[in-house]
Amino acid sequence: MTVQTALVQGTRLLEEALIGVPRLTAEVLLAHALRCERVYLFAHPEQELREVEWLHYGRYLHERMRGKPTQYITKRQEFYGREFRVTADVLIPRPETEHVVEVALRVARGARRLLDVGTGSGALAVTLQLETGAEVCATEISTPAAAVAADNARRLGAGVNITVCDVMAAIAGCSMDLIVSNPPYVPLAQQEGLQREVRDWEPPVALFAGASGFDLYERIVADAGRVLRPNGWLVMELGFGSRDRVAELLSGWHDVQIEPDLAGIPRVMAARR
């Protein structure tokens, strides 16, 4: 089987399984099986696959057709121009979460100590440490997720101190200039309505936040006043439809700002203590 034939057949199988962007997915999976970049496939369409490569490609296609996200198959996801390792222990970093980085860099320019609450893969903590050079701490309730974040920090050369704890329980008071978080914000009642790639594969602890979806927002805002230094900033990603409730939680804070994503949906909220 040649590269070109493998791509044609893989694309057809993914189309029949109603997988989104089937051609691109086939290219990513085949490149992963061949341990090469996608551009290599375009330059070598007549190359014959070795048996081990064909077997790996077939397995990857089967996993994707079952609903397993491509990122969990390749164990890679780009975020803010850097490649992060992801496993089923962590939420897959989304492009819209990059808005958290952009807002944090804008409102807390010059911050010396930063905290990422619920770091998951470490995407926010690692990115902000590399972009600012600040002292960065991160918390994570899941020990396996914390291990993924630590591995990403090590590989990318970021100095991030990761602590396994619930929210900010292990963080000293009045110690941070900036807190960022992409907290779980999906109400439990919406579980069945999620895409199967999310519902069946991503870690529930990183997705669901009680019956209302606001449990983590409430806990983060309640404890942020203890952890932030005077005039410190809190920057959080917003779930769909959560703007008004989160703004209510931040009543009494100063300089509340809302940043939309590229689709115009309120995506990030920032406020100063």
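Which residue takes a positive phi just after helix 2? That residue is Arg 35, whose phi is about 55°, and the helix that it follows is a good place to enter the structure. The model is a predicted one, in which local features need pLDDT of at least 70 and side-chain atom pairs count only at pLDDT 80 or more, while totals for chains, interfaces and linings use all residues. Residues are numbered from 1 along each chain as its sequence is written, and side-chain values use heavy atoms, with hydrogens and water left out.

Helix 2 covers residues 22-34, where helices (H or I, at least four residues) and strands (E, at least two) are DSSP runs numbered from the N terminus. Its 13 residues reach 18 Å from the first C-alpha to the last, close to the 18 Å expected at 1.5 Å a residue, the expected span being 1.5 Å times one less than the number of residues. Pro 22, Thr 25, Ala 26, Glu 27, Leu 29, Leu 30, Ala 31, Ala 33 and Leu 34 of helix 2 are buried, a word that stands for under 20% relative accessible area, with exposed for over 50% and partly exposed in between (1.4 Å probe, protein chains only). These buried residues pack against helix 1, helix 3 (38-43), helix 4 and helix 5 (70-74).

Two packed helices are described by the angle between their axes and the distance between the axes. Here the axes are lines fitted to C-alpha atoms, for helices over the stretch in contact, and angles run from 0 to 180 degrees between N-to-C directions. Helix 1 and helix 2 pack at about 130° with their axes 8 Å apart, and they are therefore oblique to each other; angles under 35 degrees count as roughly parallel, over 145 as roughly antiparallel, 65 to 115 as roughly perpendicular and the rest as oblique. Their contact (heavy atoms within 4.5 Å) includes Val 3, Ala 6 and Leu 7 of helix 1 and, from helix 2, residues among them Pro 22, Ala 26 and Leu 30. By class, the residues of this contact divide into eight nonpolar, three polar and three charged, where Ala, Val, Leu, Ile, Met, Phe, Trp, Tyr, Cys and Pro count as nonpolar, Asp, Glu, Lys and Arg as charged, and the others, Gly among them, as polar.

Helix 2 also packs with helix 4, at an angle of about 140° and with the axes 8 Å apart, so that this pair is oblique. From helix 2 the contact takes in Leu 29 and His 32, among others, and from helix 4 residues including His 56, Tyr 60 and Leu 61. Eight nonpolar, three polar and two charged residues make up this contact.

Helix 1 (residues 3-16) and helix 4 (residues 51-65) pack with each other as well, at about 20° and with axes 10 Å apart, and are therefore roughly parallel. In this pair Ala 6, Leu 7, Gly 10, Leu 13 and Leu 14 meet Tyr 57, Leu 61, Arg 64 and Met 65, which gives seven nonpolar, one polar and one charged residues.

Further along the chain, Glu 237 is found in strand 7 (residues 228-237) and is buried, with a relative accessible area of 2%. Arg 112, by contrast, has its place in the loop between helix 6 (98-107) and strand 3 (113-117) and is exposed, at 57%. Arg 112 and Ala 134 are 22 residues apart in sequence and 5.0 Å apart in space, C-alpha to C-alpha.
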